[in-house]
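Here is a short tour of a protein model. Take a look at the structure, and then we will walk through it together.

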Amino acid sequence: QVQLVESGGGLVQAGGSLRLSCAASGRTSSNYVMGWFRQAPGKERVFVAGIRWSGGSTLYADSMKGRYTISRDSAKNTVYLQMNSLKPEDTAVYYCAAGLAGGTLPRGYDYWGQGTQVTVSS
């Protein structure tokens, strides 16, 4: 089992920044892909960004490129999502996920955190 705990969400004004953290524990593996997804009220959970523990290669949803940056700290078993130039439409619950397959779909991930709320005011 892998446990994922997100933190760093909150309320921010449009144009502001937030950094989300995802602390992983348990039976983690360097073969995992770590992903961030978000889910707005009444909408599907969508891919934001992903990173491989081993090698650190990254993948972003097209709409997040240039504003969001995913990174990892292997020593701390933590993945980060730096979000800049936030917009009201970025308001959602943000989830951290881990899986061997990875990719842009939720089914590629086996473990999920509880989510952290990000609210961007206009």
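## Buried rings

A residue counts as buried when its relative accessible area is under 20%. Tyrosine 109 has a relative accessibility of 5%, so it is buried. Phenylalanine 37, at 0%, counts as buried too. Keep in mind that this is a predicted model.

The rings of these two residues sit with their centres 5.2 Å apart and their planes at 80 degrees, so the pair is edge-to-face. This pair links distant parts of the chain: phenylalanine 37 belongs to strand E4, tyrosine 109 to the loop between E9 and strand E10, and they are 72 residues apart.

## An aromatic cluster

The whole structure holds 5 aromatic pairs. In another edge-to-face pair, phenylalanine 37 meets phenylalanine 47, at 5.6 Å centre to centre and 75 degrees between the planes. Because phenylalanine 37 lies in strand E4 and phenylalanine 47 in strand E5, the pair ties together parts 10 residues apart in sequence. Phe37, Phe47, Tyr109 and Trp112 make up one aromatic cluster.

Arginine 45 joins in as well: its charged end sits over the ring of tryptophan 112, 4.9 Å from the centre, and over the ring of tyrosine 95, 3.7 Å from the centre.

## The nonpolar core

In soluble globular proteins, nonpolar side chains tend to be buried together. Here, the largest nonpolar core has 35 residues, and Met34 and Trp36 are among those with the most contacts inside it. Strand E9 gives the most to this core, with 5 residues.

## Strand E11

Which side chains of E11 are buried? Thr116, Val118 and Val120 point to one face and are buried, while Gln117, Thr119 and Ser121 point to the other and are not. E11 runs antiparallel to E9, joined by 3 bridges, and parallel to E2, joined by 4 bridges.

Note on methods:
Residues numbered from 1 in each chain as written. Predicted model: local features only at pLDDT ≥ 70, side-chain atom pairs only at ≥ 80, totals over all residues. Heavy atoms only, no water. Core = buried A, V, L, I, M, F, W, Y, C linked by side-chain atoms within 4.5 Å. Buried < 20%, exposed > 50% of the residue type's maximum accessible area, 1.4 Å probe, protein only. Helix = DSSP H or I, 4+ residues; strand = E, 2+ residues; numbered from the N terminus. Pairing = 2+ DSSP bridges. Phe/Tyr/Trp six-rings, centres within 6.5 Å; stacked < 30°, edge-to-face > 60°. Lys NZ or Arg CZ within 6 Å of the ring centre and 35° of its normal.
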